[in-house]
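The following exchange asks how certain descriptions of a structure are justified. Each reply sets a value against the criterion that applies to it.

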Amino acid sequence: MRPSRRRTLNRLAALVAAIPLAGCDKLSRAPWFTRLLGAAEPLNHAVQRVVSPSTSMAREFTPADLSPEFRSNGTADPENDDYQDLAENGFADWKLEVAGLVEHPLALSLADLRAMPSRTQITRHDCVEGWSAIGQWTGVPLAAVLQRAGLRREARYLVFYCADPMEGTPESAYYESIGLDDAFHPQTILAYGLNGRDLPVANGAPLRLRVERQLGYKMAKYVMRIEAVESFARIAGGKGGYWEDRGYEWYAGI
Ligand SMILES: Nc1nc2c(c(=O)[nH]1)N[C@H]1C(S)=C(S)[C@@H](COP(=O)(O)O)O[C@H]1N2
Ligand SMILES: [Mo]
């Protein structure tokens with residue numbers, strides 16, 4: 001770790017330790033404390049990166065460890081006419097859009113994605129709701145897609161826009177975002193296969209994100225578009241994801 005970063009972390013840690021535990025109620029209403037908690041989010045991320053550096057790998061399992069069934073959670077079949085039309089046609093007309101702060105905006109079909117380098121990994125999925133499942137995922141490393149698109153220097157996050165409206169309206173569509181360290185991590189893939197078969201609709205067909213060092217809600221299903229951005233502050237609720245906008249952590253390290 002760079003000495004300057006260590007100093008900052010030490011100072012912040014000392015500051016957090018100095019917060020008295022009593023009177024939390026009053027504290028949580030104080031604007032400066034809310035701001036400090038906001039500031040603790042990048043700190044959480046920094047601490048996580050020290051504890052498990054960006055090169056660390058999530059554990060991988062063997063075929064004997066596979067869950068008999070990989071359950072579905074959240075949306076199991078998007079209530080969206082456009083999506084239903086695409087699904088009826090076996091996603092032959094679906095294209096993944098890659099846009100935003102990239103040199104070459106892309107529109108990739110499933111065939112295009114399958115022709116790119118692929119990676120298969122058996123990992124455990126942990127959902128905040130308290131269940132886990134082990135599955136074998138096959139897909140294209142996100143890094144390969146980003147290399148083809150050419151990220152511009154200003155890009156800091158990747159935002160994933162999904163097909164499924166959570167509350168009936170297009171504005172309530174599921175979305176997620178990740179930073180560049182996870183985006184270029186070798187286990188971060190755009191998966192089109194689960195347990196040796198095409199990805200089922202219940203698990204996010206035709207394409208879902210796998211970010212193996214984070215919790216299940218980061219793993220956007222039904223991905224339609226990826227946008228490279230400098231900031232996600234002006235997207236939807238501004239917190240970087242559907243569940244983040246409702247109070248979940250943006251960096252959901254396991
Ligand atoms: N588009 C979309 N992606 C999503 C969700 C969702 O409802 N919609 N749910 C999330 C949650 S909370 C979990 S645990 C996993 C569930 O993935 P699975 O259905 O393959 O089990 O997807 C995540 N990605
Ligand atoms: Mo979840």
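Q: Which residue in E4 stands opposite Thr-123?
A: In this predicted model, Thr-123 has Gly-135 of E4 opposite it.

Q: What makes strand E3 and strand E4 a pair?
A: Two strands pair if at least two bridges are found between them. Strand E3 (residues 119-126) and strand E4 (residues 132-141) are joined by eight bridges in the antiparallel sense, so the criterion of at least two is met. Their hairpin has five residues between the strands, and in it Gly-130 takes a positive phi near 105°.

Q: How do you know that strand E1 pairs with strand E10, and in which sense do they run?
A: Four bridges join E1 (residues 96-100) to E10 (residues 223-229), and the two run parallel. The requirement is at least two bridges, so E1 and E10 count as paired. One of the partnerships sets Ala-99 against Glu-227 in E10.

Q: Why are strand E2 and strand E6 called edge strands?
A: The open sheet of five strands has the order E2-E1-E10-E5-E6, with mixed pairing. E2 (106-108) and E6 (173-179) each pair on one side only. From one strand to the next, the twist averages 20°.

Q: What makes helix H6 a helix that packs on the sheet?
A: Helix H6 (residues 142-149) touches E1, E2, strand E5 (157-165), E6 and E10, where contact means heavy atoms within 4.5 Å. The direction of H6 makes about 135° with that of E2.

Q: Why is the pair of Arg-114 and Asp-198 called a salt bridge?
A: The closest N and O atoms of Arg-114 and Asp-198 are 3.2 Å apart. The cut-off is within 4 Å, so the pair qualifies. Arg-114 lies in helix H5 (residues 110-114) and Asp-198 in strand E8 (residues 197-198), so the salt bridge ties together parts that are 84 residues apart in sequence. By the same rule the count comes to nine salt bridges.

Q: Is Asp-198 buried or exposed, and how do you know?
A: Exposed means over 50% relative accessible area; Asp-198, at 55% relative accessibility, therefore counts as exposed. Its partner Arg-114 has a relative accessible area of 38% and is partly exposed.

Q: Why is Asp-126 classed as it is, buried or exposed?
A: Asp-126 has 12% relative accessibility, and buried means under 20%, so Asp-126 counts as buried. Asp-126 forms a salt bridge with Arg-124, the closest N and O atoms being 2.9 Å apart. Arg-124, with a relative accessible area of 37%, is partly exposed.

Q: What makes Glu-167 and Arg-246 a link between distant parts of the chain?
A: Glu-167 forms a salt bridge with Arg-246, with 3.4 Å between the closest N and O atoms. Glu-167 is in the loop between E5 and E6, whereas Arg-246 is in the segment after E10, 79 residues apart. Glu-167 is partly exposed at 48%, and Arg-246 is partly exposed at 41%.

Q: How do you know that Arg-71 makes a polar contact with ligand 1?
A: A backbone N or O atom of Arg-71 lies 2.7 Å from an oxygen atom of ligand 1. A polar contact needs N or O atoms within 3.5 Å, so this pair qualifies. A polar backbone atom of Asn-73 is 2.8 Å from an oxygen atom of the ligand, and one of Met-219 is 3.0 Å from a nitrogen atom of ligand 1.

Conventions:
Residues numbered from 1 in each chain as written. Chains lettered and ligands numbered in written order. Predicted model: local features only at pLDDT ≥ 70, side-chain atom pairs only at ≥ 80, totals over all residues. Heavy atoms only, no water. Axes fitted to C-alpha atoms, helices over the stretch in contact; angles between N-to-C directions. Salt bridge = Lys/Arg side-chain N within 4 Å of Asp/Glu carboxyl O. Buried < 20%, exposed > 50% of the residue type's maximum accessible area, 1.4 Å probe, protein only. Polar contact = N/O pair within 3.5 Å; in protein donor to acceptor, adjacent residues only side chain to side chain.
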